[in-house]
Structures are given as structure tokens and as C-alpha cells.
Amino acid sequence: MYFLDFTKRLDSFSIFLESLLVIVTSLYYLYEQMTTVSDKFIYSQSQFWIVIGIFLYLAGTFFLFVLLPNMSDAETMNNWSINWLFNILKNILFFIGFLVKPAPAAYADSVKAR
Amino acid sequence: MILLEVNPTSQAAYVLLGTIGMLVLTIGLIVFIIFHQRRVIRFQGTLQKMEAEQQKMLLDASIRLQEEERQRLAADLHDDAGPLLATARLYLNENLVNLDKTTQLQSIYNAKQIIDDTIQLIRNISHSLMPPTLKNFGLESALNDLFQKITGSGSINASCRFHDYRERLEPNRELIIFRIIQELVNNILKHSNASFIHVTQNTNGNKFFVRLHHDGRGLTQADFEKLNKSSGGLGLKNIQSRLSVLQGNIYFEKDMSQTYYKVTIELTKEEGEILG
């Protein structure tokens, strides 16, 4: 019940802005990873798991938080499990990120793809 | 429309569908990035392997060429200089045995003749290793010298014209270009059945060009690349490895008129070689 009371006080617009900013930043990181030629696999870097954890959480709960002010208490309670689900998923991804050991590079510098 | 069919008044349906949509998009994007990166890394690996193989072939070619050069030198010294010196020694030995003055003088004269021949032979060997004209007077004179000798043989007309060579390239770069031209000329003499070879030089900004024309059977760029990748074509591989030292390029093409073959060597001039 504490959660439900708390969500009522959430500012939907600022959450929308925050999510958008972080999602765009995550997308930029992924784009950078795509265009940078490196001999290390992207999933062998811990920051990749951290970023996709944040990205998945914010993308998954985006609609929940944006539409929260328009939902009734019962609807909010029904849908709040989405937040828990993505939170758990995010924490699992963070956990993987902390476990991943960076692979040694075959050559020191990665080259920017042209 | 689907949303409306599910429950038009409920925000929960929007949340659910929006969340599923975002999830699918996000996972799709992540999977795409992972697979794209894996493909790029695999491609890069193949490229590196190919480059390493090419480097190995060039290295093999240059080692084989060195060995061939050593064998040629050994053969020249053993087959020509060796017997000449041995004969000179025989004549000189005769002096010890034969005390007749006239015979002694004759044998000394013969020994001198043979030693002169040996000196000439050794000079020829050393000139073929490093042409003195190239060292003292530069690429233009060395090429003129080489072409005079070729033209003098009567089988082919070789000429060269340098348009903009007021300042010489660095001696070791000159030597490498000379060797490349020598190899190309050798190939033309051996395989092309040409009646003339003409070499021109010019510059454009910091680019240095040497063009070689001939009217025999020649190579195109595709032939050159094919031969370069095959196990044969030792001379061409050697040209390629010399050019990689100079960081230059070579282009084989047929002339616009389709009558002549043209080989262009392109180099970038180094700091000290650019005219002010």
C-alpha cells in the first residue's frame, strides 16, 4: 500500500523526461558500440549489461509511469507488477554486469569504423 | 484499433501493450546490435588473417629472392672468378718452374691479362649489385645507363625522360624505385615481346609518378592482383613488398588507345623531398 500511495505523488512528466533522456543516452552508447570496431565482444564488457539493464527497465516501465496519473487505484495495483518485473530484470542484468570479467584485447586500440 | 477492442476505457490495456511493444523493440535492438557486432568481429578476423597471409607471401618472396641473388653471386664467383684466378695462379707457378726469361715474361703477361679480366668481372658483379651511377648521379642517370645497355643489345628500344626531377629522392628510396623498374623491365624483356620501353617521370604536388609504357603483351591490374595472390609471380610479389616499404602504389593498365600497356608507380614525397 505504501507503494501505491507513493505512486500517486509521482510526477509523471518529469519521469517521462528522465526516461527519455536516459533511453536516448543508452541508445547513443549502443550506437557507439556498433560503429566502433573492436575485437572484444560487446557482451564481454560490464558496462554493456549495466546500460541494457537501465535501458530495459526504463523502456519497460515507460508507459506505466507516463499513464500512471490517469489510472485508477485498482488498475495501478494490477499493473504495478510490471515495475517489479522490470526491476528484477534490471537487477539480474546488473548482477551479470558485475560478474563479467573484461576479455583481454588482442590489440590495444580499437579503430573507429569508417 | 486493437486497444479499443480490448477495453476502450481502461488505461491498463495501453500500459500492457505499450510495455510489450517497448520490450520487443528493446530486445530486438539489443539482439540486432549483438549479432551485428559479432559479424563485424568475424569479418575483421577474416580480414586480418588474409592480411597476415599476404604479408607472409611477400616475406617468402623476398626471402626467396635474396636466396636466388646469393646463388647467382655464388655461381658468378665460383664459375667465373674462381677458374680465372686458378689459371692466373698456374701461370705464376710456371715462373717458378721455368727459368727461361722469355717464357717467364709470357706467362707473367698472360697472368696479368687474366687478372685484368677478373677485375672486370668483379666490377661487373659489384655494379649489378649496386649501380654506381645510381649512387653518384641519381635515378635518372642510372635508368639512362640501364636503357643504353638494353638499347645497345639491339633487340628493344628503351628510353627514359624525367620531367621534374630537380631534387633527388632519398638514396634508399631511389634504389627501391630503381629495383622495381629493373624488375618491370626484366619482365617486359622476358615475357612481353615488346619493341620499345619508355619511362617518364613527373610530379603533381607531393606525389611522385613514374610511368612505364611498352607495346608488348602486358598485365592489367586484375592480372597483377591475381598473380600476387597466387603462389607464383615471385618478381611481382617482390615489387609489391618493395612498394609497401615505400608506402607507394602501382597500377597496371592498358593505354586509352588499347595499343600500349602502362605501369604507373605512385609515391608520396617525404618532407625533405618536396620542392620549396
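**Two chains, one interface: a walk through the model**

Let me start with a small detail: in chain A, the backbone oxygen of Glu32(A) sits 2.7 Å from a polar atom in the side chain of Thr36(A). Thr36(A) belongs to strand β1 of chain A, residues 36–37. How accessible is Thr36(A)? It has a relative accessible area of 23%, so it counts as partly exposed. Before I go on, please keep in mind that this is a predicted model.

Okay, zooming out to the whole of chain A. We have 114 residues there, and 39% of them are buried. The secondary structure comes to four helices and two strands. Going from the N terminus, you read α-α-β-α-α-β. As for contacts, take those in chain A with a separation of 6 or more: 76% of them are between residues 24 or more positions apart.

Now chain B. Here we have 276 residues, with 34% of them buried. The element count is eight helices and five strands, and along the sequence the order is α-α-α-α-α-β-α-β-β-α-α-β-β. For contacts in chain B with a separation of 6 or more, residues 24 or more positions apart make up 64%.

Let me stay in chain B and look at strand β1, residues 157–162. Which side chains of this strand point to the buried face? Those are Ala158(B), Cys160(B) and Phe162(B). Asn157(B), Ser159(B) and Arg161(B) point to the other face, and these are not buried. So if you step along the strand on your screen, you should see the side chains alternate.

And what does β1(B) pair with? Its partner here is strand β2 of chain B, residues 196–204, and the two run in the parallel sense, over six bridges. If you want a place to find the register, take Asn157(B): its bridge partner in β2(B) is Phe196(B).

Next up, charges. Some general background, just to set the scene: side chains of opposite charge can pair when their charged atoms come close. How many salt bridges does a search of the whole structure find? Over all chains, it's eight. I'll show you three, and they are in chain B.

The first on my list is Glu69(B) with Arg72(B), at 3.1 Å from N to O. Both residues lie in helix α2 of chain B, residues 11–97, and they are three residues apart, about one turn of the helix. Glu69(B) has 32% relative accessibility, so we call it partly exposed. Arg72(B), with a relative accessible area of 31%, is partly exposed as well.

Next, Lys112(B) and Asp116(B). Their closest N and O atoms are 3.3 Å apart, in a salt bridge. Where do they sit along the chain? They are in helix α3 of chain B, residues 101–129, and because they are four residues apart, about one helical turn separates them. Lys112(B) comes out at 46% relative accessibility, so it is partly exposed, and Asp116(B) at 36% is also partly exposed.

Then there's the pair Arg166(B) and Asp164(B), whose side chains meet in a salt bridge at 3.3 Å, N to O. Is Arg166(B) buried or exposed? At 69% relative accessibility, it counts as exposed. Asp164(B) has a relative accessible area of 21%, so that one is partly exposed. Going back to helix α2 for a moment, there's a network too: salt bridges with shared partners link Glu69(B), Arg72(B) and Asp76(B).

Last topic: where the two chains meet. Chain B puts 24 residues into the contact, and chain A puts in 29. As you know, the size of an interface is often given as the accessible area lost when the parts come together. What do chain B and chain A bury between them? About 2400 Å², with 76% of that on carbon and sulfur atoms. On the chain B side that touches chain A, you'll find 14 nonpolar residues, nine polar and one charged.

And how many salt bridges are counted between chain B and chain A? Zero. There are polar contacts, though: four residue pairs across the interface, with both residues at pLDDT 80 or more.

That's my tour. Happy to rotate the model and take questions.

Key:
Residues are numbered from 1 along each chain as its sequence is written. Chains are lettered from A and ligands numbered from 1 in the order in which they are written. This is a predicted model: local features need pLDDT of at least 70, side-chain atom pairs count only at pLDDT 80 or more; totals for chains, interfaces and linings use all residues. Side-chain values use heavy atoms; hydrogens and water are left out. Contact means heavy atoms within 4.5 Å. Buried area is the accessible area (1.4 Å probe) that two parts lose on being put together, summed over both. A salt bridge is a side-chain nitrogen of Lys or Arg within 4 Å of a carboxyl oxygen of Asp or Glu. A polar contact is a pair of N or O atoms within 3.5 Å; within protein, one must be able to donate a hydrogen and the other to accept it, and residues adjacent in sequence count only if both atoms are side-chain atoms. Ala, Val, Leu, Ile, Met, Phe, Trp, Tyr, Cys and Pro count as nonpolar, Asp, Glu, Lys and Arg as charged, and the others, Gly among them, as polar. Buried means under 20% relative accessible area, exposed over 50%, partly exposed in between (1.4 Å probe, protein chains only). Two strands pair if DSSP finds at least two bridges between them.
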